[in-house]
Amino acid sequence: MSSATIRLDGDDWTIREALGDTAEWYLGAPLPESGNNVADASAAIAAAPGWLPARVPGAVIDDLHRAGDVPDPRVGRNSRASEWVAERSWVYRRAVDLDASASDGVGDGIGVGVLEFDGIDPGADVYWDGEALGSVHGLYHRGRFVLTPEQRSPGRHKLALRVHPAPASEPQVGRTEWVRVHTPRLGYGWDFSPRLRHQGVWRSARLRVARALLGDVTVSARVAAAGEAPAPRSSREWMRESASGGDSMSRLDPAAARERDGLVDVSWEAPLAARPDAALGVTVTVARDGRTVAEQRVDAAAGTASLRVPQPELWWPNTVGPQPLYTVTVALSDAAGETDRIAREVGFRTAELVPNEGAPAGALNYTAVVNGVVVPLLGWNWTPADTLFGSIDPAKVEHLLALAAASGARLIRVWGGGLIESEHFYATCDRLGLLVWQEFSQSSSGMQSAPSTDPDFVAFMRAEAEALVPTRIHHPSLLLWGGGNELDDGGVPLSDDRSPVLAALSATVAALDSGRGWLPTSPTGPEFHNRLDRIHANPEGQHDVHGPWEHQGLVGQYTLANAGTSLAHTEFGVEGMTNLRSLTALVPEAERWPADRTNPVYRHLGEWWNNADQVVELFGGRPDDLATLNRASQLLQATGLQYAVEADRRRFPRCSMVLPWQLNESFPNAWCTTAVDFRGDPKPAFFAVARAFERRRATLRVERAVWGGQSVAAAEVWLWAEDAVVEGSTVTVRAVALDGTVIAERVLGAPAVGRPAAVGSLEVAVDALPAVFLWEADWRDAEGRVIDRERTVATTTEDFAALLDVPAPRLAVTRGADGAVRIRNEGDVAALTVRVVDARPVEAGPAGARSAVARPVGVPGAPILSVSGDPRPLLPGEERCLAATPGVPVRLESWNAEPVDLP
């Protein structure tokens, strides 16, 4: 292929701040006649020291931190020292060295050259050798600038960008109607991110030179309707079919879906060529594992191609089936041969949202049917991997999404206060089988939460959707689009017919991506909140609801979860303290205690979610040091969140969507609702939710976690099996002392198990139980093989203080060559919790790495620790094996015991 790409990513950039039009002094652009000494001043300043090293992709604030110009914004309250940065323009510049091939079409005569920027936030003016080429407006818009042969002459050239100040927008508590931009809101100040507005060249840049170049290419793949054959259509016509046309999302019998062919539709902009009379052709190939399964060659002027793939392998969600991907290559050629190519990966599947079983009249559809199979939509809410999203390390994204997949998730909701996620994010979800619900970058604002009705803003958002939607439609992971997060008017969630912006976005999605689902916002209501008063007042109005995000207490948490009636529970959580490893990097030692809201550092680092007072109260006022408070907080978060998820799952198929808030966090907080901390280390809550997501489960429905003041303690056993279990299995439900003694038990026979169902309960007199005991449900098949075994902690007191008196367990711990940690309880008391964590000290900030992740100080390329976990207590005599990345030192932590370090 006769083409060349000069990649402009890396550390060869420098940066300098500018106020007003002083940026012109640094760009090398001609200055106007000023009548004063501005020319002399600009020449002196441009040559003076003050240029700082910069990185592309990157973020301005992180460039300043690496240069020592601002303190690490991810430590203590340091982020406040960077709030001024976004008020400035920032000039990026670098040298670009070109040889003769850059001007002559890579040795084949006169060619074309295009300077490409995949994303600049919030936008920039672009200069080449001091000459303005044009501008990029909006972080989601690609910039493409044609360079003439003269501009590409051999030698050294100067590329400069004037990155604009961050635009005005609203923090979390404000008014959505005042927002006039399409950009992540969290950096303007949110409950889990301080005010840290992003700027920078946040995606890749390059110079491409060839005899001819492709422009934007759009690819879509689908399962053909019965009898449907591919037919050439005008450019982009296939994307503009009405939402009611086609059959790409029809519900199919799984066997029928496997027997149908796949269709691949491709459209492209007119190629850019140096010679207008050049005869250009496009060859489209579809390949699986390097083997071509379909190919078509057309004249480039046609603008489209459509190919049939005989009976492709179907793409399935995580835990349901495999994720085969096909490579679609679009190659441009002239008489001398190939001159440019672009590749996309696609998958073939059918998917639709259908009505929930037993749903009230008028409810929207929340049940997913993929390739003819009903798939419970278990998953997580996702926020950007970093508030300064230009600094996101791709390895961190892969690590977090791999954790989501390992938890058993099928759906990731990309929260509307964050990004339209990147191509890399989607490609990773394609590979992992994670369906995506992508919201546009709109969110609630506390005081007023409906987008502006101004016609100019409506037109602006329509143009945003027209630019964005075609870039994502080739991804099989993309299940549905959403208008934004928690958009409402007067407390009632908005619908398309009550918001001009949502109507415009919905219509654009229907025109450009007609086979994809759409929800106007989340929650869609009509009730907004999952609260007891609202459930009692309007149980049939609990369609798609949010909340709560706070622990409701050792009785209230269970009361509310048991009372739920929703069809979709798409945002809810429990707050908890971060991992101690992250806390030591985040909070200077002298400022770590007290860890409550009286401490200004903790107010800055997650004040909304700091429930230290409640944690102390629920543990009888006893946590009086950081380690005890941390352990107690994380236990409450894990047990509370697991129970809420399980309660929702017990209501399937009426409740078909269960999405805890939140998988990850965008900024390191001391307290947060996240299940994985900013460094990428899972908290106990992550493994607790993973238990709740399992395909076959025995769960325990209880009224409370503490039984003080009650005469009888009771637990009801519920079973479900996404992989059906035949009749004849049994469940033994027990109350067990911490030394393993069975206090009471009942054996229950089970019918064939599929959907969730109660099979019986056990009642025990409270005065027959010790202060701390375990509920256990042991589910076995007809041959006695364990299907699942559940254990949960309870007390006969009125709080959890007795847990702090449980003796430390005596554990024998070894580590194998594969990294796995084997734990055997050799004592006479249960280990209430056992977990493996990273033993390496963590880097305080991203001074070396692009974005902090679970790696040791000073070693950005060191392996990320991956571990397995199990939230269940470990009884005396039992053994457990937890996987861990080999070669990474780990630490074993258990309840009330000193940690054990393992190399």
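Me: In this predicted model, how do the residues of the lining of the second largest cavity divide into nonpolar, polar and charged?
Reply: The second largest cavity has a volume of about 90 Å³. Its lining is made of 14 residues. By class they divide into 8 nonpolar, 4 polar and 2 charged.

Me: Which residues lie closest to the centre of the second largest cavity?
Reply: Take the 14 residues that line this cavity. Those closest to its centre are D121, T183, P184, Y188 and H198.

Me: How many cavities of 30 Å³ or more does a search of the whole structure find?
Reply: The largest cavity has a volume of about 130 Å³. The second largest has about 90 Å³. With the whole structure searched, the number of cavities of 30 Å³ or more is 5.

Me: Which elements give two or more residues to the lining of the largest cavity?
Reply: This cavity is lined by 15 residues. N530, P548, L560, A561 and A644 are the closest to its centre. By class, the lining has 7 nonpolar, 6 polar and 2 charged residues. The elements that give it two or more residues are α10 (556-563), β35 (568-572) and α14 (626-649).

Me: Are α10 and α14 roughly parallel or roughly perpendicular to each other?
Reply: Their axes come within 8 Å. The crossing is at roughly 15 degrees. Angles under 35 degrees count as roughly parallel. The two helices are therefore roughly parallel.

Me: Does α14 pass α15 in a left-handed or a right-handed crossing?
Reply: Helix α15 covers residues 684-692. The axes of α14 and α15 are 8 Å apart, at an angle of about 20 degrees. That makes the pair roughly parallel, because the limit for this class is under 35 degrees. The crossing of α14 past α15 is right-handed.

Me: Which strands stand at the edges of the sheet β3-β2-β4-β10-β7-β8?
Reply: This open sheet has 6 strands, and the pairing is antiparallel. An edge strand here has a single partner, so one side of it is left without a neighbour in the sheet. That applies to β3 (52-56) and β8 (131-137).

Me: By how many degrees are neighbouring strands of this 6-strand sheet turned against each other on average?
Reply: The order to follow is β3-β2-β4-β10-β7-β8. Direction is ignored in the angle between neighbours. The average turn is 30 degrees.

Me: Which residue in β10 is the bridge partner of W128?
Reply: Strand β7 spans residues 123-128, and strand β10 spans residues 155-163. They pair in the antiparallel sense over 5 bridges. In β10, W128 is partnered by L159.

Me: Which strands of the sheet β1-β13-β5-β9 have a single partner strand?
Reply: Here 4 strands form an open, antiparallel sheet. Its neighbouring strands are turned by 20 degrees against each other on average, direction ignored. Two strands stand at the edges, so each has one side without a neighbour in the sheet. They are β1 (3-7) and β9 (143-147).

Me: Which residue in β13 stands opposite S3?
Reply: Strand β13 runs over residues 205-210. Its pairing with β1 is antiparallel, over 5 bridges. Opposite S3 stands A210.

Terms used
Residues are numbered from 1 along each chain as its sequence is written. This is a predicted model: local features need pLDDT of at least 70, side-chain atom pairs count only at pLDDT 80 or more; totals for chains, interfaces and linings use all residues. Side-chain values use heavy atoms; hydrogens and water are left out. Two strands pair if DSSP finds at least two bridges between them. Axes are lines fitted to C-alpha atoms, for helices over the stretch in contact, and angles run from 0 to 180 degrees between N-to-C directions. On a 1 Å grid over the protein atoms alone, a cavity is a set of points where a 1.4 Å probe fits but cannot get out, and a pocket is an open set with protein on both sides within 12 Å along at least five of seven lines; lining residues have an atom within 4 Å of a point. Grid points are joined across faces, edges and corners, and a volume is the space filled by probe spheres set on the points. Ala, Val, Leu, Ile, Met, Phe, Trp, Tyr, Cys and Pro count as nonpolar, Asp, Glu, Lys and Arg as charged, and the others, Gly among them, as polar. Angles under 35 degrees count as roughly parallel, over 145 as roughly antiparallel, 65 to 115 as roughly perpendicular and the rest as oblique. A crossing is left-handed if the near helix is turned anticlockwise from the far one by less than a right angle, and right-handed if clockwise.
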